[in-house]
Amino acid sequence: PTFVMVSLEGETKPNYECAHILEGHQKGVSSVKFSPNGRWLASASADKTVKLWNPTEGKLEHTLEGHSQGLSDVAWSSDSKYVCSASDDKTLKIWDITTGICLRTLKGHRNFVYSVDFNPQSNLIVSGSFDESVRIWDVKTGSCIKIISAHNDPICATHFNCDGTLIVTCSYDGLCRIWDSASGQCLKTLMHDDKPPVSCARFSPNGKFILVGTLDNTLRLWDFTTGQCMKTYIGHKNEKHCLFSTFSTTSSENLIISASEDNSVYLWDLQTKNIIQKLEGHTDSVIAVDSHPTQSVIASGSLERDKSVRVWIDNKKL
């Protein structure tokens, strides 16, 4: 019904349209991330490269090459000058985006590295791997300063909170865990009753909630201080892959955004849990999604049959 589509202020719902189709990756796209300053969009791919795009113009600016296997994730430093890539070659690489040069290779994981994140200070990097460990790295030296045996299954997401004091991890073991980043101690474990494998987890921008995606076509918003599930978002498809989901706080309504295995991107109203838009156009499962830090812009990335990154802009008609 149309009344679901209109927020209380009487504003029209978001109306995202595809502005750019970014083509160039030779294999599926695994991760897309806007730089904190909003000027760049990084995409990681199974083709072993990170590509850096100008999302406004839809132009390729750099291709970062050097890994020997495909990539699963990419992350930005807070000053938007560096990216770190996570690879199936068991390493992470830190790149200077101005020169395109690899500054450091982080070695130590014993299996595919699946996720990566800089802390807000960007002096530390956290990574998660199929070796079931989480590692914390010193950015300056490239040395591993902490190894956490975090889960009993592959780890699919690692994310710092807004002040860098906490890390959330999740795994196929059905658990989502919150860690003290300084001590490496586990502070809390979250799980849903039937323990579906967890495909993604991230802190909300204010750090009070954790968005958790599971392989039962469900996203849940947890208040991790109380350990309660506050909201549930459904309608998308997620049974097979670790899909990215995120928050968008740039418009008047706060949105939950998720990739989906039905070749689409889904947008929910965070409060009402209603689907307010489904972005269609990709020709394979959408794995990766991110929202621009200051504008109503979304990026998405898709698997092998598609290989493209799409940039979607909200042309909301007021």
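Author: Strands here are DSSP runs of E with at least two residues, helices are runs of H or I with at least four, and both are numbered from the N terminus. By that numbering, K13 sits in the segment before β1 (16-22). The model is predicted, so local features need pLDDT of at least 70 and side-chain atom pairs 80 or more, while totals for chains, interfaces and linings use all residues. Residues are numbered from 1 along each chain as its sequence is written, and side-chain values use heavy atoms, leaving out hydrogens and water.

Reader: What makes up the secondary structure of the chain?

Author: Strands, 28 of them, and zero helices.

Reader: Why does K13 count as partly exposed?

Author: The classes go by relative accessible area with a 1.4 Å probe and protein chains only: under 20% is buried, over 50% is exposed, and in between is partly exposed. K13 has 31%, so it lands in the middle class. Its C-alpha atom is separated by 32 Å from that of T158, and those two residues are 145 apart along the chain.

Reader: And R39, what class does that one get, and why?

Author: Exposed, because R39 has 62% relative accessibility. You'll find R39 in the loop between β2 (29-34) and β3. Between the C-alpha atoms of R39 and R177 there are 32 Å, with their positions 138 residues apart along the chain.

Reader: How do you know which residues R39 touches?

Author: Contact means heavy atoms within 4.5 Å. Leaving aside residues up to four places away in sequence, R39 touches W53, N54 and P55.

Reader: What makes C84 buried or exposed?

Author: Its relative accessible area is 0%, so C84 is buried. The residue is part of strand β7 (residues 82-87). Skipping residues up to four places away in sequence, the residues that C84 touches include D73, V74 and A75, then L92, K93 and I94, as well as V116, F118 and I125. As for A46, it is 38 residues from C84 in sequence and 15 Å from it in space, C-alpha to C-alpha.

Reader: Where is D88, and what class does it fall in?

Author: D88 is in the loop between β7 and β8 (91-96). Its relative accessibility is 26%, so D88 counts as partly exposed. Not counting residues up to four places away in sequence, D88 touches Q69, G70, S72 and F112. S129 is 41 residues from D88 in sequence, with 9.2 Å in space from C-alpha to C-alpha.

Reader: Why is the pair of Y114 and F130 called tilted?

Author: First, the totals: there are six aromatic pairs in the structure. Y114 and F130 are one of them, at 5.3 Å centre to centre with 45 degrees between the planes. Rings of Phe, Tyr and Trp (its six-membered ring) pair if their centres lie within 6.5 Å; under 30 degrees between planes is stacked, over 60 is edge-to-face, and the rest is tilted. The 5.3 Å makes Y114 and F130 a pair, and the 45 degrees makes the pair tilted.

Reader: What does that pair tie together, and how is F130 classed?

Author: Y114 is in strand β10 (residues 113-118) and F130 in the loop between β11 (124-129) and β12 (133-138), so the pair ties together parts 16 residues apart in sequence. F130 has a relative accessible area of 22%, so it is partly exposed. Both rings belong to a cluster, linked by ring pairs, of F112, Y114, F130 and Y172.

Reader: What makes the phi of K48 and N263 worth a mention?

Author: Most residues other than glycine have a negative phi. For K48 phi is near 80 degrees, a positive value, and for N263 phi is near 70 degrees, positive too. K48 sits in the loop between β3 (41-45) and β4 (50-54), and at 38% relative accessibility K48 is partly exposed. N263 is in the loop between β23 (255-259) and β24 (264-269), where its 21% makes it partly exposed.

Reader: How do you know that the radius of gyration agrees with a compact globule?

Author: The radius is taken over C-alpha atoms, and the globule rule is 2.2 Å times the number of residues to the power 0.38. For 318 residues that comes to near 20 Å, and the chain has 18 Å, which agrees. Along the principal axes, the C-alpha atoms fill a box of roughly 55 × 45 × 35 Å. Of the 318 residues in the chain, 56% are buried.
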